[in-house]
Amino acid sequence: MEYNGKKYRLFEKAFSDDTFSGRLVGRTITPKTPHRKNKVVTLDTVMEVIRDGDTISYPHYYRTGDKGLELVVRKLREHGKKNIKLYGNAMFDNVDPWLIDAFRDGIITGIYGNPYRKLGSFMLTGAMLPWVGVGVSHGNRVRKLQTGEVNVRVAFGPVSISDKYGNANGLYGKPEHLCGPVGLFDADAGCAEYVCLLTGTVSDTVVMPTPLSMEQVDFVVKVDDPGLNSGIGSGTLDMKKAISNPFNVHVANNVTSVIKASGVVKNNFSFQVGSGAGLIILNNIRTILKEEKIRADFSIGGVTSLHVDMLDEDTLHQLMHGQLFEPSERMFDSMRNNPRHHEITTAYYASVANKEAAVNLLDLAVLSALEVDLEFNLNTVCANGRIIGGIGGGQDVAAGADLTVIFLPLATGKDGKGYPKVVDRVYTRTTPGEVVDAVVTEEYVAVNPNSASSYKYAIMQRAKEFGAKLVTIEELKDLSERKAKEFGTIPPNNETTDEVVHVIEWRDGTLLDTIKKPII
């Protein structure tokens with residue numbers, strides 16, 4: 001199959017037997033010998049190096065608080081640029097209407113990344129065709145840059161502070177601009193032909209630390225607002241809010257039962273646990289560590305104040321921070337001052353083009369999903385045919401961790417309709433079932449019989465001892481359907497045409513699934 005000029009190999013299995021060769025690609029060298037160069041220019045100057053048909057890149061770490069991408073798109077429009085491809089990652093509702101208008105006007109004609117809700121709805125109409133959207137994981141996004149599969153003309157990176165030479169970070173500058181780790185932009189800066197920083201503060205003195213270095217940077221553009229960190233917060237990061245949701249409490253306790261049965265929490269184990277119900281699970285893990293008087297080695301993923309508490313009390317030895325989810329002063333203080341709180345790049349986190357990645361060192365991963373099917377495949381993107389989520393690091397973490405636990409409600413309902421969350425076949429496969437070890441709902445647990453986890457048999461043998469109700473995935477599906485019917489009628493999936501509007505890649509670039517245009 002071929003989409004956007006790429007001939008796809010179909011996904012066969014999570015860990016390919018293929019042997020790869022080649023070298024990582026890198027940035028262009030400087031055209032002239034550098035010497036004390038002040039790189040501060042206007043965005044108009046940067047536009048001069050962009051040609052029609054080029055690809056530009058932009059990271060999403062300011063999330064809904066981002067301001068920089070709109071400035072770039074506006075300048076592309078002013079300078080009459082056409083047919084530009086956007087190498088993004090996650091695009092939230094703050095891109096409406098200006099990015100959608102740029103598509104309609106032929107300024108932007110293709111995107112790589114995960115379009116949420118409004119942009120996803122626009123894509124589903126087929127309005128981006130002949131371009132087919134490309135959904136990628138965090139690690140795959142980096143891999144495509146590292147291998148030269150995607151070549152970026154100009155990488156635009158928003159930062160809170162940069163000096164005039166191009167050294168930058170997200171830890172200093174105006175408080176409202178602080179974005180913490182900038183590792184999501186590291187591969188862009190290392191591989192693009194040109195690198196442009198959009199900074200809220202320009203310093204005349206050298207900025208340190210330098211996760212983004214003057215070695216890589218061509219342009220520094222002063223902007224009023226690269227992004228506001230008020231838009232960064234994701235999910236439920238407050239414990240009181242987390243425990244106020246009955247689902248969070250029930251599913252967190254059930255996941256904790258599985259964790260206890262597995263025996264995975266031991267001295268020097270490593271883990272990734274998210275927000276919402278994950279916050280309760282994290283606190284339960286912390287309690288186990290305290291009771292056993294042991295210490296976890298490291299944690300990665302969505303970092304919260306609770307992780308910082310664990311770091312400070314030494315129930316957690318190392319905290320690896322790749323993307324900010326909690327823009328609190330405590331978080332920034334910890335990143336600045338605690339030598340065991342580390343900023344990492346997305347390549348270090350998850351790229352399969354590297355000789356190792358942090359996700360592969362995980363003992364435990366606890367993740368959420370929208371749907372799971374009888375083969376334990378996950379869907380994290382589509383809800384009843386609508387694109388509402390993304391892939392994020394889910395593929396990478398699920399594949400890397402020894403024990404991957406997925407939690408989701410048994411069913412949900414709204415307006416007289418019920419939606420089972422365990423189905424015959426997921427609407428869109430975003431993670432293959434072979435890397436999922438257990439699925440947990442509020443009351444039940446299904447262990448994947450094909451799981452390769454070293455903790456699989458411990459869970460199966462000790463689940464009852466810790467209060468976990470084991471069922472087969474087929475039984476869980478039946479329970480899910482019954483629960484959905486309590487909410488109302490189960491609607492059929494939306495019918496689709498044969499026209500593909502979005503592809504889902506596995507983390508190695510193979511074709512995992514497609515999303516087709518719905519029949520309206």
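Hi everyone. Let me start with a definition: a polar contact here is a pair of N or O atoms within 3.5 Å, where, within protein, one must be able to donate a hydrogen and the other to accept it. Keep that in mind for the first residue. And a quick reminder that what you see on screen is a predicted model.

So, Ser480. You'll find Ser480 in helix α15, which covers residues 473-487. Is Ser480 buried or exposed? It is buried, with a relative accessible area of 0%. A polar atom of its side chain sits 3.2 Å from the backbone nitrogen of Val422. Beyond the residues within four places in sequence, Ser480 is in contact with Leu410, Ala411, Pro420, Lys421 and Val422. For a sense of scale, Glu356 is 124 residues away from Ser480 in sequence, and the two C-alpha atoms are 38 Å apart.

Next, two residues that both touch Tyr349. Gln272 belongs to strand β14, residues 270-273. Because its relative accessible area is 9%, and buried means under 20%, Gln272 counts as buried. Which side chain does the Gln272 side chain meet in a polar contact? That of Tyr349, at 2.9 Å. Other residues that Gln272 touches include Ile300, Gly301, Leu362, Leu364 and Val397.

Now to His138, in helix α5, residues 138-146. His138 is buried too, with a relative accessible area of 10%. Setting aside neighbours within four places in sequence, its contacts include Tyr349, and also His60, Asn89, Gln323 and Asp396.

Let's turn to a helix pair. Helix α8 spans residues 246-262 and helix α9 spans residues 277-292; their axes come within 8 Å and cross at roughly 40 degrees. That crossing angle is why α8 is described as oblique to α9. The crossing is right-handed. Where do they meet? On the α8 side, the residues include Asn248, Val251, Val255 and Ile259, and on the α9 side they include Ala277, Ile281, Asn284 and Ile288. Sorted by class, this contact has 10 nonpolar, four polar and one charged residues.

One last stop, helix α10, residues 305-313. Which of its residues are buried? Leu306, His307, Val308, Met310 and Leu311. Just after α10 comes Asp314, and its phi is positive, near 70 degrees.

That's my tour. If you'd like one spot to open in your viewer, try the Gln272 and Tyr349 side chains with their 2.9 Å polar contact. Thanks for listening!

Key
Residues are numbered from 1 along each chain as its sequence is written. This is a predicted model: local features need pLDDT of at least 70, side-chain atom pairs count only at pLDDT 80 or more; totals for chains, interfaces and linings use all residues. Side-chain values use heavy atoms; hydrogens and water are left out. Helices (H or I, at least four residues) and strands (E, at least two) are DSSP runs, numbered from the N terminus. Buried means under 20% relative accessible area, exposed over 50%, partly exposed in between (1.4 Å probe, protein chains only). Contact means heavy atoms within 4.5 Å. Axes are lines fitted to C-alpha atoms, for helices over the stretch in contact, and angles run from 0 to 180 degrees between N-to-C directions. Angles under 35 degrees count as roughly parallel, over 145 as roughly antiparallel, 65 to 115 as roughly perpendicular and the rest as oblique. A crossing is left-handed if the near helix is turned anticlockwise from the far one by less than a right angle, and right-handed if clockwise. Ala, Val, Leu, Ile, Met, Phe, Trp, Tyr, Cys and Pro count as nonpolar, Asp, Glu, Lys and Arg as charged, and the others, Gly among them, as polar.
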